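User: Hi! I am new to reading protein models and would like to learn how to go through one feature by feature. Could you guide me?

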Amino acid sequence: MNMARALNDALAVALAEDERVVLLGEDIGRTGGVFRVTDGLQERFGEHRVVDTPVAESGIVGAAFGMAVAGLRPVVEIQFLGFSYPAYDQIVSHVGRIRNRSNHRFTAPMVIRIPFGGGIGAAEHHSESSEAIYAHTPGIKVVAPGTPAAAKGLLLAAIEDPDPVVFLEPIRVYRAIKEEVPEGRYTFPIGVAEVVRAGSDVTLVAYGAMLRDALQAAGALEGDGVSAEVIDLRTLAPLDAATVVASAQKTGRVVAISEGHRTVGIASEIAALVQERALYSLLAPVERVTGWDTVVPLKRTERHHIPGVGRIVAAVRRTLED
Amino acid sequence: MEPVRILDFDGRLLGESPLGVEEIRRLFAAMVTARAYDHKASALQLQGRLATYAQFEGQEAVQVGGAAALRPDDWLVATYRDAAAMWMQGYPWDGLFLGRMGDERGGSPPPGVNVLPPSITVGAHMIHAVGLGWAERLRGSDRVAMTFFGDGATSEGDFHEAMNFAGVYRTPTVFVCENNGWAISMSRDRQTASETIAQKADAYGMPGVLVDGNDLLAMFAVARDAVGRARRGEGATLIEALTHRMGAHTTADDAGRYRAEETLDEWRLRDPVDRVRRHLQATEAWSEAWEHDVVSTAAAEIEAAVARAEGLAPFGPGAAFDRTYARPTTDLEAQRTALLRDLGGEG
């Protein structure tokens, strides 16, 4: 099952088991969403629970916020991360704050699903990887799965979570990876990273679409006798520092990988954490392999922006130099 | 478009009263109490016991008359200038004081009071009322949601999105625009080229009503009709209440920089409290002793609320970490420990 299918399965499970779950978004009903993640759900659960909305991201998130406060569990779809900015005020000023500003009296348990990242040669604004903005925001959690099984388990966990979750789905992975996905309800814990490949020489920390590149890089390095451990972060906020730090202490070398912009990014946060808690275990400076601090280039040169296996392997080699 | 008016400036009935005498006396007392809160809050601010405060004097009839049309379990989503409406719907005065004293517990009304803490940003909260009412309808309840906002908020894009969603989904929402003439220093004619704000409702497929917001009876009547429509599943209504902010934008503002003092004279003649008093006097439902009693009861109620708010010990320095998520994350716990360590036991 691919990731789009696994997410669809998670939403179907949630809609079937919990009558509080409502889906809202642009084109999610009749057409099943721009990436077909909600395919068939309106037909199955009705237009009152799978709601096609006007083109108004702030309105969608704001209305879902009201629904969540009133006791529903809305799951919103924003079509692309670059289209989430009109809703940014609602997310930062209201969704992430109502628990604090009402001292727990009102809460907004809701999920905002957003496809993110590039690699499909889309139009401008369709390839953003600005997840650090949301990870920087108090009161919300940010989840970014890299595989179909994790996507389903994490989405079901996000819908159950008492706090709002921005749920980022890697666009170029939607249909690129297939794996066994368990049937029915199961959850993966939010805030817990997973060591998806054990190794001893270097730790590769990745998430979302970059997980696949990190694993390929680890495979390539193995041929050269380098044993790379790969961590799938899965949750960007709150970060699972313990898993990252334990691995850094074991391998002594860390390469933090993110498609997002370099400065004040997720990879920067990994580097800071490792520096604070594992400095004396380090055998080399932490390397960051990231997108650049430029606007994501359009199709013809996009590949120079998104880190690939080559840049990851090169970074690992730098950590191995004397 | 002529505003709906039931009481003329002298308190004479121009039509049938939507309320009996006892109800009018009750709402008169509510307006007097709200004004006592407003004056007390301004005084506390001057004494440094309250942070910046946004006065609502002159707007009591909009808020009291509007909220009086709600059922106790209906939702209310309002702004920092709407303490009277919030209190009418069950939000305690001490909670309102606490919020302005800088304590998050002021944002936490008692269980069963369906009033969100006041919106501080302008305009983003109207869509919340749409979502709240929509959720109630999806769950089969007939609760409605009322939202208060100023004329300045109608310039925000979020006003459009809220009105549009309410129109498309026919949500049980009552939009109450308190057109008080000013958005800080900008007058209403610089916010929109529309002749009225009420007419904007046309574009969203819902009725728009213009009302004299300083007329308690007219305000109650139009709000009652709008709440009724919403409850019956007939959709949203936009009410534009014409009123005036007699004070400055906040205690940090100086209205003398942009508003001529003379313009207030005309509005003093339309004062919402005086108007109802004249009406009650004409119907012999008023006596000096009764009003004296209302005023002293209000003062005592407000003083007691101040005492309750000021009597609550402040949060400890680590409390913010407890209210960010349902449970603090591991990293927030570490941050709390770091803060308390840096405070060196002072926390």
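User: Let me begin with a helix. Why is helix H2 (residues 60–67) of chain B largely enclosed by the rest of the structure?

Analyst: Happy to help! Keep in mind that this is a predicted model. To judge burial, we count neighbours: a residue is called buried if 20 or more other C-beta atoms lie within 10 Å of its own. In helix H2 of chain B, eight of the eight residues are buried, so the helix is largely enclosed by the rest of the structure. Among them are B:Glu60, B:Gln63, B:Gly65 and B:Ala67.

User: How confident is the prediction for chain B, in terms of mean pLDDT?

Analyst: Chain B has a mean pLDDT of 96, with 99% of its residues at 70 or more. For the model, the scores are ipTM 0.96 and pTM 0.97.

User: Now a strand, please. How many residues of strand S7 (residues 237–242) of chain B are buried?

Analyst: The same kind of count works for strands. Six of the six residues of S7(B) are buried, so this strand is largely enclosed too. With a strand, it helps to look at each face in turn. On one side of S7(B) sit B:Thr237, B:Ile239 and B:Ala241, on the other B:Leu238, B:Glu240 and B:Leu242, and all are buried.

User: Which strands pair with S7(B), and in which sense, parallel or antiparallel?

Analyst: For pairing, we look for bridges between strands. Strand S3 (residues 173–179) of chain B pairs with S7(B) in the parallel sense, over six bridges. You can trace this pairing in the model: B:Val174 stands opposite B:Thr237, and B:Asn179 stands opposite B:Leu242. Strand S6 (residues 208–212) of chain B also runs parallel to S7(B), joined to it by five bridges. Here B:Val211 stands opposite B:Ala241.

User: How does the chain cross from S6(B) to S7(B)?

Analyst: Follow the backbone from one strand to the other and note what lies on the way. From S6(B) the chain passes through helix H7 (residues 216–231) of chain B and on to S7(B), a β-α-β crossover that is right-handed. Another right-handed β-α-β unit is made by S2(B), H6(B) and S3(B).

User: Is S3(B) mostly covered or mostly open?

Analyst: Strand S3(B) is mostly covered, with seven of its seven residues buried. Again, look at both faces: B:Phe175 and B:Cys177 are among the buried residues on one side, and B:Val176 and B:Glu178 are among those on the other. Strand S2 (residues 145–150) of chain B runs parallel to S3(B), and six bridges join them. In this pairing, B:Phe149 stands opposite B:Cys177.

User: What domains does the assignment give for chain B?

Analyst: The domain assignment gives domain 1 (21–314) and domain 2 (317–347) for chain B. Taken over C-alpha atoms, the centres of these two domains of chain B are separated by 37 Å.

User: Last one: how many residues does each chain give to the contact between chain A and chain B?

Analyst: One general way to describe an interface is the accessible area lost when the parts come together. Here we can count residues instead: 32 come from chain B and 36 from chain A. On the side of chain B that touches chain A, helices H5 (126–138), H6 (157–169) and H11 (330–343) of chain B each give two or more residues. The largest share, 10 residues, comes from H5(B). By class, that side of chain B has 16 nonpolar, nine polar and seven charged residues.

Notes:
Residues numbered from 1 in each chain as written. Chains lettered and ligands numbered in written order. Predicted model: local features only at pLDDT ≥ 70, side-chain atom pairs only at ≥ 80, totals over all residues. Contact = placed C-beta atoms within 7 Å. Helix = DSSP H or I, 4+ residues; strand = E, 2+ residues; numbered from the N terminus. Nonpolar A, V, L, I, M, F, W, Y, C, P; charged D, E, K, R; others polar. Buried ≥ 20, exposed ≤ 12 C-beta atoms within 10 Å, placed from the backbone. Pairing = 2+ DSSP bridges. Right-handed = clockwise from strand over helix to strand, strands pointing away. Domains from an automatic or database assignment. pLDDT = per-residue confidence, 0-100.
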